[in-house]
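Dear colleague,

I am handing over the structure below for you to look through, and my notes on what was found in it follow directly after.

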Amino acid sequence: IGLSTTIAGVKFPGCFMNAAGALCVTRDELLALGRSKAGAIVTKSMTMEPRHGNPEPRYYGFPGGSINSMGLPNLGYRAYADLIPELKRCGKPVIASVAGLCEDDFPTIAEAINAAQPDLIEVNLSCPNIPGKPQIGYDAEASERLLKRVRRVITVPMGVKLPPYFDPAHHDAMGKVIGRCDVDFLNLINSVGNGLVVDPEREAVVIKPKGGFGGLGGTLIKPVALANVRAFYKIFQGRIPIIGTGGIVDGVDAFEHFLCGASAVQIGTVLVEEGLEVFGRLETELAALLEKKGYRAIEDCRGKLKEL
Ligand SMILES: O=C(O)c1[nH]c(=O)[nH]c(=O)c1Cl
């Protein structure tokens with residue numbers, strides 16, 4: 001069984017890759033992804049200037065998932081622009097994740113990183129952890145304004161990393177925005193924003209920033225991730241490829257994302273918790289599952305979720 005896939009004309013040797021943010025901030029982390037079985041290298045979302053990020057502890061893993069308020073720690077877009085040629089020599093697609101602290105940052109970063117010619121650019125509209133900054137992805141007008149400005153300066157395939165939506169009216173509203181901005185792929189979803197995990201022993205929160213509030217990831221968000229993959233797959237009738245992110249800890253979870261319409265999947269919590277070897281485990285599990293079910297490739301099951 002081949003687990004290769006294609007997104008917006010770019011061939012991925014494997015369908016599993018890291019989610020932006022997971023083990024992908026430094027040059028060493030990115031090159032380690034390049035040497036691993038990951039199907040791509042995805043950078044940490046980048047900002048204008050290098051950032052240390054929020055005070056620690058800022059990530060906490062627990063049975064069922066994780067909570068984080070990293071605060072966009074990254075090397076700054078110039079460092080990633082310099083790294084991209086070396087990363088591209090690893091023989092797998094390089095996805096540059098673009099963020100910003102304000103709307104004007106995005107086109108500036110996008111134009112500069114586009115010049116380094118990553119294979120794809122992912123525009124992150126869903127960072128939930130900048131104190132005082134609401135997620136752009138929850139503001140349809142701001143999202144449209146920003147995507148149109150960024151589209152004009154990006155010549156490689158441009159994707160959008162969206163937050164989870166919890167109402168079909170919001171899926172429809174964002175579907176209209178995406179349809180008007182010439183978007184080449186979607187990445188659904190980012191963490192479930194501003195959850196709160198409590199340690200009953202210490203009677204305390206588990207991360208320091210924002211009074212303990214942070215983005216949720218892992219198994220517990222899988223139903224939310226699957227719903228968003230399915231909703232946008234149906235809105236676009238499979239015409240815009242989707243990277244499914246959220247709650248993938250084994251091959252079956254990945255298969256569920258493909259059934260809902262994903263063309264590739266990303267992992268965050270399970271990668272941070274298990275390390276780079278997880279890519280081999282997930283590929284083995286997915287290949288065995290597809291084999292058992294009689295599917296020859298991912299595209300044979302994509303979007304085939306049955307309704308009752
Ligand atoms: O706090 C972060 O760095 C962060 N954390 C997330 O869970 N998603 C994001 O997009 C970002 Cl940018």
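How much accessible surface does the protein have, and what percentage of it belongs to carbon and sulfur atoms? The accessible surface comes to about 12800 Å², of which 54% belongs to carbon and sulfur atoms, the areas being obtained by the Shrake-Rupley method with a 1.4 Å probe.

Please bear in mind that this is a predicted model, in which local features need pLDDT of at least 70 and side-chain atom pairs count only at pLDDT 80 or more, while totals for chains, interfaces and linings use all residues. Residues are numbered from 1 along each chain as its sequence is written, and side-chain values use heavy atoms, with hydrogens and water left out.

The protein has 9 helices and 16 strands, counted as DSSP runs (H or I of at least four residues for helices, E of at least two for strands). Of the 308 residues, 57% are buried, meaning under 20% relative accessible area with a 1.4 Å probe and protein chains only.

Eight of the strands deserve a separate word. An open sheet of 8 strands, with parallel pairing, follows the order β3-β16-β15-β10-β9-β8-β7-β4, where two strands pair if DSSP finds at least two bridges between them. Because β3 (16-18) and β4 (41-42) stand at the edges with a single partner strand each, one side of each is left without a neighbour in the sheet. Within this sheet, β10 (residues 185-188) runs parallel to β15 (residues 242-245) and is joined to β15 by 3 bridges; Asn187 stands opposite Ile243 in β15.

With kind regards

Terms used. Buried means under 20% relative accessible area, exposed over 50%, partly exposed in between (1.4 Å probe, protein chains only).
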